[in-house]
Amino acid sequence: MSVAPGQGRRERNKAAKLERIVAAAGELFAEHGVDEVTTQQVADKADIGTGTLFLYARSKGELLLMVQNAHYAQALERGREAARALPDTAGTVEAVMAVVEPVVECNRVQVENGRTYLREMAFGDSTEPHHAQALLIAAQTETAIAEVLTRDGSLGVDTAATLAHVVTAVMFLAMATDAGTTWSVEEIAAHIRSQLVLVLPR
């Protein structure tokens with residue numbers, strides 16, 4: 001996280017604290033899982049007071065969104081690049097799965113954190129900026145899938161947008177379901193693919 005040129009001392013201090021918070025929360029969540037980490041532990045590791053921590057995030061859920069949003073955005077970009085790299089002869093399901101699979105991989109790096117992230121995305125405070133960013137990433141996922149669906153010109157924009165919404169819902173539900181807690185990335189991807197072959201054009 002870089003400090004923009006020309007920032008005053010107050011802005012630099014604020015950016016430095018945010019960087020420490022994100023690093024501390026990310027390390028603790030990755031090691032222990034979000035449910036086993038307290039906000040006090042994050043504050044202690046970031047070397048700030050809990051009151052200061054709550055100025056940046058009001059709950060562990062918001063902390064997780066703060067940490068994970070960048071990872072999800074990067075995963076989505078990898079998916080977009082993978083879809084663009086496919087030959088024109090690639091089928092629709094294959095192209096859509098190229099977008100979906102990196103997102104699934106990102107979600108399963110730590111299963112508990114991945115499930116909590118989806119729960120916070122769906123039910124968190126929509127006025128909170130990290131939640132708004134998570135919703136934006138979900139919308140960008142739909143857009144990326146819609147772009148894939150319209151690449152050969154066989155589907156109209158409205159139909160592609162509706163199908164992209166369905167695909168995204170299938171993906172998020174597959175990652176969030178209790179039954180999927182023990183599934184590997186490959187098993188979740190296969191589960192999603194099995195549903196997409198029924199709803200997407202070949």
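**A tour from T116 outward**

Select T116: with a relative accessible area of 6%, this residue is buried (buried means under 20% relative accessible area, exposed over 50%, and partly exposed in between, with a 1.4 Å probe and protein chains only). The model is predicted, so that local features need pLDDT of at least 70 and side-chain atom pairs count only at pLDDT 80 or more, while totals for chains, interfaces and linings use all residues. Residues are numbered from 1 along each chain as its sequence is written, and side-chain values use heavy atoms, with hydrogens and water left out.

T116 belongs to helix α6 (helices, H or I with at least four residues, and strands, E with at least two, are DSSP runs numbered from the N terminus). Display V34, D35 and L64 next: T116 is in contact with these residues, once its neighbours within four places in sequence are left aside (contact means heavy atoms within 4.5 Å).

**The whole chain**

Zoom out to the full trace. The protein chain has nine helices and zero strands, and its elements run α-α-α-α-α-α-α-α-α from the N terminus on. Along the principal axes, the C-alpha atoms fill a box of roughly 55 × 45 × 25 Å. Of the 202 residues, 43% count as buried. Among contacts between residues at least 6 apart in sequence, 67% join residues at least 24 apart. With the surface switched on, the accessible area of the protein chain comes to about 10600 Å², and 53% of that belongs to carbon and sulfur atoms (Shrake-Rupley method with a 1.4 Å probe; for residues, only the protein chains shown count as cover).

**The aromatic pair**

Return to helix α6 and select Y117 together with Y72. The structure holds one aromatic pair. The ring centres of Y72 and Y117 are 4.1 Å apart and the ring planes stand at 15°, so the pair is stacked (rings of Phe, Tyr and Trp, the last by its six-membered ring, pair if their centres lie within 6.5 Å; planes under 30 degrees apart count as stacked, over 60 as edge-to-face and the rest as tilted). Distant parts of the chain are linked by this pair: Y72 sits in helix α4 (residues 60-85) and Y117 in helix α6 (residues 111-123), 45 residues apart. Are these two rings buried or exposed? Y72 counts as buried at 3% relative accessibility, and Y117 is buried with a relative accessible area of 0%.

**The enclosed space beside Y72**

Keep Y72 selected and add L76, V103, M121, I137, A138, T141 and F172; together these residues line the largest cavity. On a 1 Å grid over the protein atoms alone, a cavity is a set of points where a 1.4 Å probe fits but cannot get out, a pocket is an open set with protein on both sides within 12 Å along at least five of seven lines, and lining residues have an atom within 4 Å of a point. Grid points are joined across faces, edges and corners, and a volume is the space filled by probe spheres set on the points. The count comes to one cavity of 30 Å³ or more, and the largest cavity has a volume of about 40 Å³. Helices α4 and α7 each supply at least two lining residues; the largest share, three residues, comes from α7. The lining divides into seven nonpolar, one polar and no charged residues (Ala, Val, Leu, Ile, Met, Phe, Trp, Tyr, Cys and Pro count as nonpolar, Asp, Glu, Lys and Arg as charged, and the others, Gly among them, as polar).

**The two largest pockets**

Move to the largest pocket, which holds about 280 Å³ of space. Which residues should be selected as the closest to its centre? They are A83, E147, V148, R151 and D152, out of 16 lining residues. Helices α4, α5 (92-107) and α7 (129-149) each supply at least two residues of this lining, and α7 gives the most, with four. By character, the lining residues of the largest pocket are seven nonpolar, two polar and seven charged.

The second largest pocket has about 220 Å³ of space. Select A30, Q68, H71, C106 and V109, the closest to its centre of the 13 residues that line it. Helices α1 (9-32) and α4 each supply at least two residues of that lining, with α4 giving the most, six residues. The lining of the second largest pocket comprises six nonpolar, six polar and one charged residue.

**Last stop: L173**

Finish in helix α8 (residues 157-176), where L173 lies. L173 counts as exposed, at 60% relative accessibility. Draw a distance from its C-alpha atom to that of E94: the separation is 20 Å, for residues 79 apart along the chain.
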